[in-house]
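The following paragraphs lead the reader through one structure, beginning with an enclosed space and moving outward to helices and loops. Please keep the sequence and the model in view while reading.

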Amino acid sequence: MTALIIFLILAVLLTTGMPVSIALGLTVFSFLFFFADIPMDSIALKLFTGIEKFEIMAIPFFILAGNFLTHGGVARRMIRFATAMVGHWYGGMGLAAVLACALFAAISGSSPATVMAVGSILIPAMVQQGYPPRFGVGTVTTAGGLGILIPPSIVMVMYAVATSGMVVTGPEGQPVSSASIGTLFMAGVIPGMLLASMLGGTTIYRAWKNDYPRMEQASWAERWKAFRESIWGLMLIIIIMGGIYGGVFTPTEAAAVSAVYAFVIAVWVYRDIRLRDVPRVLLSSAAMSAMLLYIITNAVMFAFILTSEQIPQAMSAWIVDQGMGKIGFLLVVNLLLLAIGMVMEPSAIVLIMAPILYPVAVKLGVDPVHFGIMMVVNMEIGLCSPPVGLNLYVGSAISKLGLTEVTRAALPWLLTALVFLMLVTYVPEISLLLPRLLGMN
């Protein structure tokens, strides 16, 4: 009955069009005021201690690094490098878009930022080369989703924050520790490369089937020049991943290093951003970070209420008693997350649903890292799903096509992503192989 009251209040507030963060906060305080007897001073304390976590500092730093790279010319140079490498294949510019999205995803951590940075350059160029606008926007909109799967990923940080500190037990009653940010980052490498390959395969097939134009093959001298120009941006991938795995710094420290590095190459190496433009980049990053931190604060309170009312534990016991099993549970979770992903923003979904679903998954024997990657892939698909998929709106703004047209254009690649979701869900080694080889899981 308690769970029904909480989710009913949240549903009613969300149907009014209220922002998710405010709806979460009002749900918590409405429940506390009318239905619970938890002391308000403990709530105030939880409100501040809930975001007093070192890992959360990674979020504003990764946002800042992504903004420096997006406003600078890093994306343009990576696109030139990707085009030089694969532009002569079938659907070469579309394939270059997939490769450029994968490369930019590895330094930005944001899916909409990836779509904007790559799409604003490549979609007009593809139309100029004779590609249909729908082919270009469909490719970039879905490939941009790699921004939250290929590390570093802000959504992975959200999952780690939402599940950290939770006391959960496995199928045999043994305690199970939550997934760390570093382990999640490493776990996203192979799935990210696999999905990029599958999206690239879809691009090649559709270009071959419709006989789209191909570019002339770049010479090795042109490829080397493009690589030299993009090397400073590509180095950031090595700094982040190599630094974390090598034990040089933690993921949070890696985020700070990436922000400083992005500032240096954007302002003094490439000189695409003038010093007088830096305050504007800082201000936009601060606004985005504040929005996410406000969502985190209210989501932490929401998770606290759920835990204090024993709702995740009750759900876990009920599902186990139903005999649903791991396979059935994962299928239901995918359907639930895909449905919610159509109407909510990924960070809010992870912060709300992870504390509820995570204990149940662990109780059924699902690895926390595997479950985290599965949630991230669901969020990635949600970003490309109507009616509120953010990538669709970004693609629509760039291409000047209507939302319905962009959705239809993205459908072939979206179906590919759904096939990939099934692979990630039921073949956990795709996510767990690299962390195990590195001794992290």
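A cavity is a set of grid points where a 1.4 Å probe fits but cannot get out, and its lining residues are those with an atom within 4 Å of a point. The model examined here is predicted. It holds one cavity of 30 Å³ or more, and the volume of the largest cavity is about 50 Å³.

Which residues line the largest cavity? Its lining consists of Thr142, Leu199, Glu380, Ile381, Cys384, Trp413, Leu414 and Ala417. By character, these residues divide into six nonpolar, one polar and one charged. Two helices, H18 (368–382) and H20 (403–426), each supply at least two residues of this lining. The greatest contribution comes from H20, with three residues.

Trp413, a member of the cavity lining, also leads to the aromatic contacts of the model. A pair of aromatic rings is described by the distance of the centres and the angle of the planes. The count of aromatic pairs comes to 12. In one of them, the ring centres of Phe135 and Trp413 are 5.7 Å apart and the planes stand at 65 degrees; because planes over 60 degrees apart count as edge-to-face, the pair belongs to that class. Phe135 lies in helix H8 (residues 133–143) and Trp413 in helix H20, so the contact ties together parts that are 278 residues apart in sequence.

Are these two partners buried or exposed? Buried means a relative accessible area under 20%. Phe135, at 5%, therefore counts as buried, and Trp413, with a relative accessible area of 1%, is buried as well. Together with Tyr131 and Tyr212, Phe135 and Trp413 form one aromatic cluster.

Aromatic rings also meet charged side chains in this model. Arg77 lies over the face of Tyr270, at 3.8 Å from the ring centre. In another such arrangement, the charged end of Arg223 sits over the ring of Trp220, 4.6 Å from its centre.

Attention may now turn to individual helices. Helix H4 (residues 58–71) has 14 residues and reaches 20 Å from its first C-alpha to its last, close to the 20 Å expected at 1.5 Å a residue. Of the 14 residues of H4, 10 are buried, so the helix is largely enclosed by the rest of the structure. Among the buried residues of H4 are Ile59, Phe62, Ile63, Asn67 and Phe68. Helix H13 (residues 251–269) has buried residues too, including Pro251, Thr252, Ser258, Tyr261, Phe263 and Val267.

The loops hold some notable backbone features. Just after H13, Arg271 takes a positive phi of about 55 degrees, although this residue is other than glycine. Arg271 is found in the loop between H13 and helix H14 (278–308). Since exposed means over 50% relative accessible area, Arg271 counts as exposed at 67%.

Asp211, which is not a glycine, has a positive phi of about 55 degrees. This residue lies in the loop between helix H11 (189–210) and helix H12 (220–245). With a relative accessible area of 61%, Asp211 is exposed.

Where does a cis peptide bond occur? Such a bond joins Pro151 and Pro152, with omega at about 0 degrees. Pro152 is found in the loop between H8 and helix H9 (154–163). H8 is also the helix that contains Phe135, the partner of Trp413 in the edge-to-face pair.

Conventions: Residues numbered from 1 in each chain as written. Predicted model: local features only at pLDDT ≥ 70, side-chain atom pairs only at ≥ 80, totals over all residues. Heavy atoms only, no water. 1 Å grid on protein atoms, 1.4 Å probe; cavity = no way out; pocket = protein on both sides within 12 Å on 5 of 7 lines; lining within 4 Å. Points joined across faces, edges and corners; volume = space filled by probe spheres on them. Helix = DSSP H or I, 4+ residues; strand = E, 2+ residues; numbered from the N terminus. Nonpolar A, V, L, I, M, F, W, Y, C, P; charged D, E, K, R; others polar. Phe/Tyr/Trp six-rings, centres within 6.5 Å; stacked < 30°, edge-to-face > 60°. Buried < 20%, exposed > 50% of the residue type's maximum accessible area, 1.4 Å probe, protein only. Lys NZ or Arg CZ within 6 Å of the ring centre and 35° of its normal. Expected span 1.5 Å × (residues − 1).
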